[in-house]
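Q: Hey, got a minute to walk through this model with me? I'd like to start with a loop and then wander.

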Amino acid sequence: MLEIKNLHVTVGGKEILKGLNLVINDGEVHAIMGPNGAGKSTLAYAIAGKDGYEITQGSVTYNGKDMLAMSPDERAGEGLFLGFQYPVEIPGVSNMTFLRSALNSQRRYRGDKDMAAVDFLKLIRLRASELNIDPEMLKRPVNVGFSGGEKKRNEMVQMAVLDPHLAILDETDSGLDIDALKVVAEGINRLRGSDKAILMITHYQRLLDYVVPDFVHILAAGRIVKTGNKDLALELEAKGYVGLGITENAA
Amino acid sequence: MAATKEARQTVEEVSGEYKYGFVTNIETEKAPKGLNEDIIRFISAKKKEPQWLLDWRLKAYAKWLKMEEPTWAMVDYPKIDFQDIYYYAAPKSADDGPKSLDEVDPELLRTYEKLGISLKEQEVLSGVAVDIVFDSVSVATTFRKKLKEAGIIFCSISEAAHDYPEMMKKYLGSVVPVADNYYSALNSAVFTDGTFVYIPKGVRCPMELSTYFRINEANTGQFERTIIIADEGSYVSYLEGCTAPQRDENQLHAAVVELITHDDAEIKYSTVQNWYPGDKNGKGGIYNFVTKRGACRGKNSKISWTQVETGSAITWKYPSCLLIGDGSVGEFYSVAITNNYQQADTGTKMIHIGKNTSSTIISKGISAGKSSATYRGLVRVMAGAENARNFTQCDSLLIGDLCAAHTIPYIEIKNPTAQVEHEATTSKISDEQLFYCQQRGLEVEDSVALIVNGFCRDVMQNLPMEFAVEAQKLLGISLEGSVG
C-alpha cells in the first residue's frame, strides 16, 4: 500500500506539488489526469527519488516504510517501478545486460541470490514473447536509436521482467500508435493483480479504454482536486478541464 | 628462507668477482641508490650477462646522460631525482613482505575480493611469501612444456641473453632505438628483466601467453624489457599485467616493449595496467613512462595493441606501429581511466611506410575527480605509402565538473592516395542516465560502471575473454567515489 500525505515538492525553487494526498491499496489501479504543468511528472519523480525534486513537507510511505528516506535504487528494491515518459539511452549496454544487472541488483537488495544466466534468458524471452516483442530488440543497446514506440515497448518488457509491486507509469501512452498502445495496455493488464498497486499518469482517456482504472484523479495546480471512477475520465474527455470547472490556477 | 639465502649467496659471488671494486652491503640486498656506470656493471654482472650486452647498456647510459627529460606531455609532476632511486634490488625475500594477509592493507583486500581473486592469488599479488605450491606453478610447468613442443621460446630476457644471443643481438633495440627517447635510453641502461618470446614460422601459439604465469617474474616491473618476435605466418596473443592492483614500492616505471612481425604474422598484445594511482589527495602513486612499439616488417603482417589503463599517478604511453611491410595492419584500442588526481597522456603512433597499409585507432578516455586524460596520436603516411588508410575515433567521457579531457591528433600525409578519417566526441554521464539505472535497482556506483563499460565496449570486446571480464569489474572499481 502506497500512502502519500500532504506532499509538497519544490523544483528549482518553485513549489510544484502543494499538499497532495493519495492512497493506493494493493490490487488497485489508479489513473491521474491533469492539465499541462499540474505536477503529474513531478509526483512520479518525487516518489521515485530523483535528484532536484525537493520534498519540503509531507510523507510517502510504502508498506509502512518511509520511501523518502531511501535512495532511488532502494526504492526500486522495495518494488517500485517507474515507466519513463522519455526513456533514456545508454550506448554500448545491451538491453539484456542492463536488465539482468538491474534484476540481480534488486534480488540482492531483497536478500535473494542472483538469477542464473540460463533462467534469466528464459524469463526475458518469455516476457518479450508475451508482449509480442521481437527478441532481437533485447540485444540492442538500451533505447539507442529506438523509435518512440519501441522505447515504450521496451519499458513494458523491463516492467514485466522486474515484476514490481508498485508501478508508476508516467505518460507511457503518449505519442504511441494504436499497436504500441495495445502493448503498453497489455503490459499493465498482465501486471495487474491482487498484490500490485498501479498508478497511471496520462493525458488521454484512450489508454483507459484498454486498462480500466478503479479510480481516476484529476491533478491541478499541485493538488488532487477531483476523484471518481472511470466515468470521470469520460466526462473529462467530453467537457475538458475548464468544462469541469478546473483551471490552471485551481489553487 | 631458502630463497633468501640463495639470493645472498648469489650477490656475494657476484660482488666477490667484481673487479671494479664495487662494494655493496649484501645484507640490504639492494645496490645503493643512484645511477652510474658501476651500478650498470653491477646489474650486468649480477645477471651474468655477456660483454656485448654490458657494452650496449653502457652506450645507452652515455646517451641518456646527454638527453633531456621530455616536458611536452600534458602531465605535471615534481622533477624526478634519478640519483634517489634504487636501480637494483634482489628478489624479495620472505623477510620483506607481509607474513600473512592479516598484515595487508584491508582496502587492497577488499578490491581483490571485488575482482573475485582467490585467496592464494591474493597472497601472491600482495607479496605475502608463499611456499611455492600453489596452483599456478603446476600450470606454469605444463604450460612451458606445451610451448616447447611447439618450438616456442618463452623465457626471461636474462635467459634469452644467455641462450639465444644471436636473436637478442638482432632484435634488442631494433624497434625502439636506445636513444629513441629519454626513458627508453634509461631503460636500455638499467633494465633488470622482462620477457622474451619467439614464435617460429607457421606456428599458431596454442594459448594466451601471460607474464602472470611466469613465476620467476617477481619484482621486475620497474625497468621491464619485452621482446616478442612472430616469424612468418605465426600468431600469438600476449597478455601483460594483471587486473589486480599490485604491491610495488618503486615509484618510477620505465618499460620498453618491442614487437616484430614477419610476413603474414600477427601479434595481439593486451595490457591491463593497474599500478597504484596515489591516494584521493594525489599523494604517492606510480609514474609510468613506457615506450611500446611494434614493427610490422613482413608483408600482410598485423600488430594489435589493446590497453586498459586505470592505474598509475602519471601515465605516459604511446604504443605504436611501424607499418613497413606492404599490406600490413596496425590497430590500437585503448581505454584510459583517470580519477582523483591521476594524469594520463596516452595514445598511439601509426607510421605508414609500405603500400596498402591500414590502421585503426579507437581510444576511449574517461576522466573523473580532478583528473586529466589526454589522447595524443600521430598518423603519418610516408611518401611511398600508396593507398594507406586510417580510421581514428577518440571519445571522451567526463564524470563531474572538475576533470579534463583533451584530444591532440597529429596527422602528417605525404602521399595523396591516403584516406584518413578522424572522429572525436566528448560527452558526460548525465543525471538522467544515472537516475534511469538507479530507478531500475542499480546502486549508483554500479550504474556508473555499467554506463562506462557501455562507453568502452568497442575496446573491451578486443580483450581476450578472461581479461575482459576482470577488466569490466576493474573499470567500476577505478571509478568508485566519482559520483555522489
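Q: Where does B:Asn387 lie?
A: B:Asn387 is in the loop of chain B that links strand S16 (372-381) to strand S17 (389-398). Keep in mind that this is a predicted model.

Q: And what's its phi like?
A: B:Asn387 has a positive phi of about 55°, although B:Asn387 is not a glycine.

Q: How exposed is B:Asn387?
A: B:Asn387 has a relative accessible area of 41%, and buried would require under 20% while exposed would require over 50%, so B:Asn387 counts as partly exposed.

Q: What about A:Asn63, what does phi do there?
A: Phi of A:Asn63 is positive too, near 50°, and A:Asn63 is a residue other than glycine. A:Asn63 sits in a chain A loop, between strand S4 (53-62) and strand S5 (65-66).

Q: Switching to the inside: which residues touch the most other members of the largest nonpolar core?
A: That core has 66 residues, and the ones with the most contacts to other members are A:Ile4, A:Leu20, A:Leu43, A:Phe98, B:Val335, B:Ile366 and B:Val452. Helix H1 (residues 40-48) of chain A gives the largest share, six residues.

Q: Who does A:Ile4 contact, leaving aside its close sequence neighbours?
A: Setting aside residues within four places in sequence, A:Ile4 is in contact with A:Leu20, A:Asn21, A:Leu22, A:Leu43, A:Ile47, A:Ser59 and A:Val60.

Q: Back to H1(A), why is it largely enclosed?
A: Eight of the nine residues of H1(A) are buried, so the rest of the structure largely encloses H1(A). Those buried residues are A:Lys40, A:Thr42, A:Leu43, A:Ala44, A:Tyr45, A:Ala46, A:Ile47 and A:Ala48. Just after the helix, A:Gly49 takes a positive phi of about 90°.

Q: What's in the second, separate core?
A: That one has 55 residues, including B:Phe42, B:Tyr87, B:Val178 and B:Ala185.

Q: Pockets next. What's the volume of the second largest one?
A: The second largest pocket comes to about 1400 Å³. It is lined by 38 residues, and A:Thr97, A:Ser101, B:Leu450, B:Asn453 and B:Gln472 are the closest to its centre.

Q: Which elements give two or more residues to that lining?
A: From chain A, helix H2 (72-77), strand S7 (90-94) and helix H3 (95-109) do. From chain B, the elements are helix H11 (444-455), helix H12 (457-460) and helix H13 (465-478).

Q: How do the lining residues divide by chemistry?
A: The lining of the second largest pocket has 13 nonpolar, twelve polar and 13 charged residues.

Q: Zooming out, how many helices and strands does chain B have?
A: Chain B has 13 helices and 19 strands. Of its 484 residues, 58% count as buried. Chain B exposes about 20100 Å², with carbon and sulfur atoms supplying 51% of that area.

Q: What share of chain B's contacts comes from residues 24 or more positions apart?
A: Such pairs account for 83% of the chain B contacts with a separation of 6 or more.

Q: Last one: where is A:Val144, and what does it contact?
A: A:Val144 is in the chain A loop between strand S8 (141-142) and helix H5 (148-162). Beyond its neighbours within four places in sequence, A:Val144 is in contact with A:Glu89, A:Ile90 and A:Pro91. A:Val144 and A:Ile90 are 54 residues apart in sequence, yet 6.6 Å apart in space, C-alpha to C-alpha. With a relative accessible area of 28%, A:Val144 is partly exposed.

Key: Residues numbered from 1 in each chain as written. Chains lettered and ligands numbered in written order. Predicted model: local features only at pLDDT ≥ 70, side-chain atom pairs only at ≥ 80, totals over all residues. Heavy atoms only, no water. 1 Å grid on protein atoms, 1.4 Å probe; cavity = no way out; pocket = protein on both sides within 12 Å on 5 of 7 lines; lining within 4 Å. Points joined across faces, edges and corners; volume = space filled by probe spheres on them. Helix = DSSP H or I, 4+ residues; strand = E, 2+ residues; numbered from the N terminus. Nonpolar A, V, L, I, M, F, W, Y, C, P; charged D, E, K, R; others polar. Core = buried A, V, L, I, M, F, W, Y, C linked by side-chain atoms within 4.5 Å. Buried < 20%, exposed > 50% of the residue type's maximum accessible area, 1.4 Å probe, protein only. Contact = heavy atoms within 4.5 Å. Areas by Shrake-Rupley, 256 points an atom, 1.4 Å probe, with all protein chains shown as cover.
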